Amino acid sequence: MQELGMAEQGSIRVSRKDDNVVVIEKDLATEEMLLSMGPQHPSTHGVLKLECMTDGEVVTSAEPYLGYLHRCFEKHCEVVDYPGIVPYTDRMDYLAGMNNEWAYCIAVEKLLDIEIPRRVEFIRVMVSELNRIASHLVAIGTYGIDLGAFTPFLFCFRDREHILNLLEWASGARMLYNYIWIGGVAFDIPADFNKRVKEFVDYFRPKVVELYKLLTENEIFVKRTKGIGIMPADVAINYAWSGPMLRGSGVQWDLRRNDPYSVYPELDFNIPVPDGKFSDIGDCLSRHLVRALEMEESLNIIEQCISKMPGSDGFNPRSSVPKRVRPKAGEVYARAENPRGELGFYIQSDGKSTRPLRCKARSSCFVNLSAMKDLSKGQLIPDLVAIIGSIDIVLGEVDR
Amino acid sequence: MSVSAISQISLPFLMGNNLNAWSDALAGLTISWFPLGLVIIAAIPLVFIALYALTYGVYGERKISAFMQDRLGPMEVGKWGILQTLADILKLLQKEDIVPTSADKFLFVIGPGILFVGSFLAFAVLPFSPAFIGANLNVGLFYAIGIVSLEVVGILAAGWGSNNKWSLYGAVRSVAQIVSYEIPAAIALLCGAMMAGTLDMQQISVQQSGPYGFAHFFLFQSPIAWLPFLIYFIASLAETNRAPFDIPEAESELVAGYFTEYSGMKFAVIFLAEYGSMFMVSAIISIVFLGGWNSPLPNLGSVALYDWTSGPVWGAFWIISKGFFFIFVQMWLRWTLPRLRVDQLMYLCWKVLTPFAFISFVLTAIWEIYVP
Amino acid sequence: MAETEEGKELSPSLQQSASAYAVIREQFADAVSDFDANETMPFFEVIETEKWPDIALFMRDHPRLKFNYMACLSGVDYPAEGKLGIVCNLESLGAFGHRIAVKVKCPRDGGSIPTAAYVWHTANWHEREAYDMFGMQFAGHPDPRRILCPEDWEGFPLRKDYKVQESYHGIKVPY
């Protein structure tokens, strides 16, 4: 065989055989394809770009590109005064507005060193836990849709409507509340609020069971999520995962227990951590299970709040709200347990001005998403969707 | 066998006229040289698909899914939203026909066409009534199984011609799925053909007629018949890309799979093809296992329910109802179950359905040969 | 050592942080500053910035420290001193439970801080954000690019003297 050599280009070899037949040999290697789950995509939960290099259906790398929803929260904080930042915090993780405001107010109240009335604390716990349920309903519903189960999404949203109605009754807004202020809450809860919340709790308990049967125990759903995206506990801690993500990896860590704030020490509730019987510890199903079981615990917390809340005689929700918020010079890092993890605020005050020198929001979703690149190596594309759904990101918080 | 003896006696008794009376009459109708009758024969299933897809298909799906999801569905257009589909069709008709500049124009345009043709051609051998069948082939079942494979070409053309990586993904997945699931589907249907002893669709239906109504249906004629029935039902869900096998259209992963880039009338044609093939597989499973145009009601002594509900028009009613029932079950499954992942889908086909299909084939053969 | 100021009792968590600091001080002596024992955020500063990765590794792995969880890494601008810096909030999660903050500073122009991304993986994105917003370089960072602003954005937005650019790809930027 006479080698022609002229077309020798790596994987292609051309040669001429004795009887003047030209033979072209190509290696059957496939190329990697760049697939961009671009900013507009039904299942990336917002404007997130995932650049995947795929070899067939297998993803060799999935790199998240952020910044499409960056709204300069931290720069705004430097020109707006302390109470004025509360609406901005709402808009970060817009599905859990009450929790965001609360985390920020905890930080500033630490700097101001003020005492919060007991009834205010109970109101804060109640609305935050209601918001936690609403947020988990969205997480579970959209996770179902990502995997093709269309119906649980609508059941979740139907129940979430009730919560949004309650929160609108209390604060005036359905989603972005501006209710939890520094030193108190904006308005007292209406007269029958506790009664209506109790009705909701009783209505919702069987619905949680129904949702569990429809989605979580569904054989196909379990097969799609069990054993996918396993994150060992020590790696999760190194990536600073928190909230349901960390508990899904088997770590008993909940800021309401381990770094308690407000009246949580007086409330009796469990922290669900999967034990590996129904799901593998650290996989997508575990994280989903944590959220599904947490909703019930939140219901328990709300019931205790209703029974333990002090009466409203002579109560002024704004009694401890300072007229002018001017904290002493210093810094604080304070955090709260949001539905998506730990939301922390690092606030630096110079003691003279009514605006923070620096206010950094440590957002749970930003940190949780940073593990995406390593978590997605070697997964199939549908599994990628399952993993993103289990991380439960809200781009408002990722980009701030 | 006693079953065929009864059916021989009851044939003229049920119908009064012969099998295929209407289609034979229409076939002979010509105006000078133009075979008007043949055109009408071809047009009837087409009109049927259009009407059914318009009413039960799209509207029914929206309403059924709405009630399952605790909401109301279309309510604005017409009373209870009945005219909603008409409004949608009118909207789609007047939309701009977009062909992406970098798309392969020929493949892009022809994809939906081939898709629809592939699913519509199988309607030729569906007996809509004892008196009407498009083409009375004596290999009707074989033709129905085979011609559906033409859809695969259409899907590939649509996916590749869109010049969109997501469409390509959807098309490739769909082709793998359809081609794999044809095997258990065909074997399951062959069990039915074994029980009938023929591949002729009209004859299969005739073999299942008798005064005991549903007791003559092949599903109840053999203790193992439920297995090919189940296997064919599941495989047919995969053939028509319905959930839980709707990976090719997986909205949350691939936007809309192989028809992402389609809009306007081409999109409507693809949708019509999907609803058409839904009815086709429902009709095939009704014919092979549930008696086709035969009435399920038995003759109870003097209350001769079977005789009262048989006849050419009654036959059409029965097969359409059975088809609609299976379509309802398909919709029910779609809105309840999540979707299977591609490799789980393939595992289900090759390692679960195919072996069980073979087992049911052997068992049906044993039953047919050795049991008198 | 933790010292009581005017006889005030330090809270238990502050005492824990102080004893953790004592271990670090024992190892690194003058590379770290004195302990600032305030209630809201006890911290110390790393004076020799090149030693920061060693200090980080020591804090993470030492059997009496075990700071395995980096809660937050914030970039800060110190215009009065002409410096940029980072503030790291560390915690020993599930082990000892003590918390401490570490500050590392560098000059404004061309300053660089060694990366902690190989010690705590979470620092990877936090440092990218600090670089994006302030402009300090992180020496040895595996992926030193902007994260929130577009790749071709000019300037570092969170600096106190930041002036927004006039136009970006033909779009007028100033509000």
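UniProt positions here use this structure's numbering, feature names are shortened, and annotations may be inferred rather than shown by experiment. With that in mind, the unreviewed UniProt entry puts "transmembrane region" on chain B at residues 33-59, 106-128, 140-160, 181-199, 214-235, 267-293, 313-333 and 345-367. You're looking at a predicted model, where local features need pLDDT of at least 70, side-chain atom pairs count only at pLDDT 80 or more, and totals for chains, interfaces and linings use all residues. Residues are numbered from 1 along each chain as its sequence is written, while chains are lettered from A and ligands numbered from 1 in the order in which they are written.

**Two annotated stretches of chain B**
- Residues 181-199 of chain B come out as 84% helix and 0% strand, with the end C-alpha atoms 20 Å apart (helices, H or I, at least four residues, and strands, E, at least two, are DSSP runs numbered from the N terminus).
- For residues 214-235 of chain B, it's 64% helix and 0% strand, and the end C-alpha atoms are 24 Å apart.

**Where chain C touches chain A**
- Here 26 residues of chain C are in contact with 30 of chain A (C-beta atoms, placed from the backbone, within 7 Å).
- On the chain C side, strand E2 (69-78), strand E3 (83-91) and helix H3 (123-134) each give two or more residues.
- E2(C) supplies the largest share, six residues.
- By class, that side has 17 nonpolar, nine polar and no charged residues (nonpolar: Ala, Val, Leu, Ile, Met, Phe, Trp, Tyr, Cys and Pro; charged: Asp, Glu, Lys and Arg; polar: the others, Gly among them).

Definitions and conventions:
Contact = placed C-beta atoms within 7 Å.
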